[in-house]
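Let's take a walk through this model, starting with its cysteines and ending at a pocket.

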Amino acid sequence: MAELNKSQSRDARVHKTVVNSWNEWDPLRHVIVGRATDCHIPPPEPAIEAKVPEDSDMRGAWGKRPQDTIDRGNELLDRFAETLERRGIVVDRPTPIDFSQPVTTPDFHTDSQFGCMPPRDVLLTVGSEILEATMSYRCRWFEYLCYRPLLQRYWEEDRNFRHEAAPKPRLTDADYRADYLSADVGVQSRLEWTSRKFFVTTEHEPLFDAADVLRMGRDLVVQHGFTTNLKGIEWLRRHFPSHRVHAVNFPGDPYPIHIDATFTPLRPGLLINNPQRRLPNEQRKLFEENDWEIIDAAPPAHNSPPPLCYSSVWLSMNVLALDSKTVCVEKSEVYQADQLDKLGFEVVEVELRDAYAFGGGLHCCTADVFREGQCEDYFPRLKEA
């Protein structure tokens, strides 16, 4: 069996790339898995300061992460890639750049960069297109370079592939609200602000991270929060004129960054929602009127994130669907695994918790290249705009 798996992996790697992915649950056949290599804690900047909780061990810390943690992160990511390959899925990996280098433009300077563990943040695959997001952190300005060798190869191999890049924002101070830079803002103030859709990002220019977008066939559901503003959502609406683009927000989240630890579609008609960050009633109508069931996600198995980790404990629900019946779940997240098992899914346990600090969970550390299937309408009762 081991020799057969190695043979399948070799055969898969010589295939010609086809880019095609319309949703989060069709059978996955080709994916990018990130790397922890040379990952840095970036220096303070407006977007970073707004994301880090006041009592976090990340406050004031920056520089290259400890090498032993990088080695451990890469070990787990490599194992995850091997798990996918054993299931016949082609896995590509990014090419890390030197993240110790500063980023300097005519508008800003920051002393180091971030990493390339979470390709889901940077790359949005819609059909035969892969779109590079604007990004809203200065330290992530050049992160797209890690994926260019792959995208260039896809362009050579697939004549239908469209490689697009959203306009690079200037990321001047005008893009951020100074209110969020006070060290004593507090969670209660954050909750009040986010309930009023008062986020750290302004509407000065279009901003969006790819991980704020859920692909659901003809519909794109986009979180309005810290990393994606309304201008960014409008840019996506104009860029994908054949799609219906819906803005959502989650008032219970004091740090609304990326949708995939808050709202997760598992298969057509079923989503899990973070019970501490429920979708507002008015926005639920889109799903309920089209026979989608929204259920509360199971509680996390941990009371706190790993050391030096930006993300919340709700990475428990940051799962990766391999198809509409099979879901990868972090191995220690036993409650989430049990819930999915009871919902009828085959649960694939993947150890990844020690890699969380490099940019997220199983969904975050991947980006689709190819899923079987075509663009479907999962919201047939939706009235046209």
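Searching the whole structure turns up 0 disulfides, a disulfide being a pair of cysteine sulfur atoms within 2.5 Å. Take C116: its closest cysteine sulfur belongs to C146 and sits 4.2 Å away, so that's too far for a bond. Seen from the other side, C146 has the sulfur of C116 as its nearest, at 4.2 Å, and is in no disulfide. C116 is buried, with a relative accessible area of 1%, and C146 is buried too, at 1%; here buried means under 20% relative accessible area, exposed over 50%, and partly exposed in between (1.4 Å probe, protein chains only).

Bear in mind that this is a predicted model, where local features need pLDDT of at least 70, side-chain atom pairs count only at pLDDT 80 or more, and totals for chains, interfaces and linings use all residues. Residues are numbered from 1 along each chain as its sequence is written, and side-chain values use heavy atoms, leaving out hydrogens and water.

Now for R196, which is exposed at 56% relative accessible area. You'll find R196 in the loop between α6 (187-195) and β10 (213-216); helices (H or I, at least four residues) and strands (E, at least two) are DSSP runs, numbered from the N terminus. C-alpha to C-alpha, R196 lies 38 Å from L77, and the two are 119 residues apart in sequence.

R196 and R277 bring us to different topics: R277 is among the residues nearest the centre of the largest pocket, along with Y310, S311, S312 and V313. A pocket is an open set of points on a 1 Å grid over the protein atoms alone where a 1.4 Å probe fits, with protein on both sides within 12 Å along at least five of seven lines.

Methods
1 Å grid on protein atoms, 1.4 Å probe; cavity = no way out; pocket = protein on both sides within 12 Å on 5 of 7 lines; lining within 4 Å.
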